[in-house]
Amino acid sequence: MKLQGEAKLVRIFLGESDKWQGRPLYEAIVLEAKKAGLAGATVYRGFMGFGAHSRIHTAKILQLSEDLPICIEIVDSEEKIQAFLPILDQMVQEGLITMEKVEVIRYRSR
């Protein structure tokens, strides 16, 4: 697969405890992105954050949260990202989805 030049970056912000059909939502999104043939997806686990409900979620030992912030980044062509957005809309019941233009410098596989 070759991806170079202008592309789109989608970021999905959700909670670690969010589920989709019995599995962690972040895992389900990555598997759906792979099934859709997208260039790649990465999941990041945050140490601290808050969202629409303004509740602080933190990894501090005295305030251990089982719902830490999760961010998923997916990069691909605008066409493929646009085709994937309805799937995200269905899966992400609560969270934030952003999209921005990015310039892919290099994307190679062996």
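**Notes on the predicted model**

1. Let's start in strand S1, which is where valine 10 lies. Keep in mind while reading that this is a predicted model. Valine 10 is buried, since its relative accessible area is just 2%, against a cut-off of under 20% for that label. Its neighbours, leaving aside residues up to four places away in sequence, are Ile72, Glu73, Ile74, Ile81, Leu88, Ile97, Thr98 and Met99. One of these is worth a look on the backbone level: the C-alpha atoms of valine 10 and isoleucine 81 sit 7.7 Å apart, although 71 residues separate the two along the chain.

2. Next door in sequence is arginine 11, and here the picture turns to charge. Side chains of opposite charge can pair when their charged atoms come close. Arginine 11 does this with glutamate 73, in a salt bridge with an N to O distance of 2.7 Å. Arginine 11 belongs to strand S1 (residues 5-15) and glutamate 73 to strand S7 (residues 69-76), so the bridge ties together parts that lie 62 residues apart in sequence. Unlike a buried residue, which would need to be under 20%, arginine 11 is partly exposed, at a relative accessible area of 23%. Glutamate 73 also turns up in the list of residues that valine 10 touches.

3. How many salt bridges does the model have by the distance rule? The count is five. Another of them links the side chains of arginine 23 and glutamate 27, at 3.1 Å from N to O. Both partners are partly exposed: arginine 23 has a relative accessible area of 37%, and glutamate 27 comes in at 32%.

4. Helix H1 has a salt bridge of its own, between glutamate 32 and lysine 35, with the closest N and O atoms 3.2 Å apart. The two residues are both in H1 and three residues apart, about one turn of the helix. Their accessibilities fall into separate classes: glutamate 32 is partly exposed at 23%, while lysine 35 is exposed at 65%. As for bridges that share partners, they join Arg11, Glu73 and Glu100 into one network.

5. On to helix packing. Two packed helices are described by the angle between their axes and the distance between the axes. For H1 (residues 25-35) and H2 (residues 78-91), that gives an angle of about 160° and a separation of 11 Å. The cut-off for roughly antiparallel is over 145 degrees, and H1 and H2 are therefore roughly antiparallel to each other. The crossing of H1 past H2 is right-handed. On the H1 side the contact is made by Leu25, Ala28, Ile29, Glu32 and Ala33, and on the H2 side by Phe84, Ile87, Leu88 and Met91. Sorted by type, these residues come out as eight nonpolar, one charged and no polar. Two names here are familiar from earlier points: Glu32 is the partner of lysine 35, and Leu88 is among the residues that valine 10 touches.

6. Last, a backbone detail to check by eye. Most residues other than glycine have a negative phi, and most peptide bonds are trans. Where does glutamine 21 sit? Its place is the loop between strand S2 (19-20) and strand S3 (23-24). Its phi is near 50°, a positive value in a residue other than glycine. Glutamine 21 is also exposed, with a relative accessible area of 72%.

Terms used
Residues numbered from 1 in each chain as written. Predicted model: local features only at pLDDT ≥ 70, side-chain atom pairs only at ≥ 80, totals over all residues. Heavy atoms only, no water. Axes fitted to C-alpha atoms, helices over the stretch in contact; angles between N-to-C directions. Helix = DSSP H or I, 4+ residues; strand = E, 2+ residues; numbered from the N terminus. Parallel < 35°, antiparallel > 145°, perpendicular 65-115°, else oblique. Left-handed = near helix turned anticlockwise from the far one by under 90°. Contact = heavy atoms within 4.5 Å. Nonpolar A, V, L, I, M, F, W, Y, C, P; charged D, E, K, R; others polar. Salt bridge = Lys/Arg side-chain N within 4 Å of Asp/Glu carboxyl O. Buried < 20%, exposed > 50% of the residue type's maximum accessible area, 1.4 Å probe, protein only.
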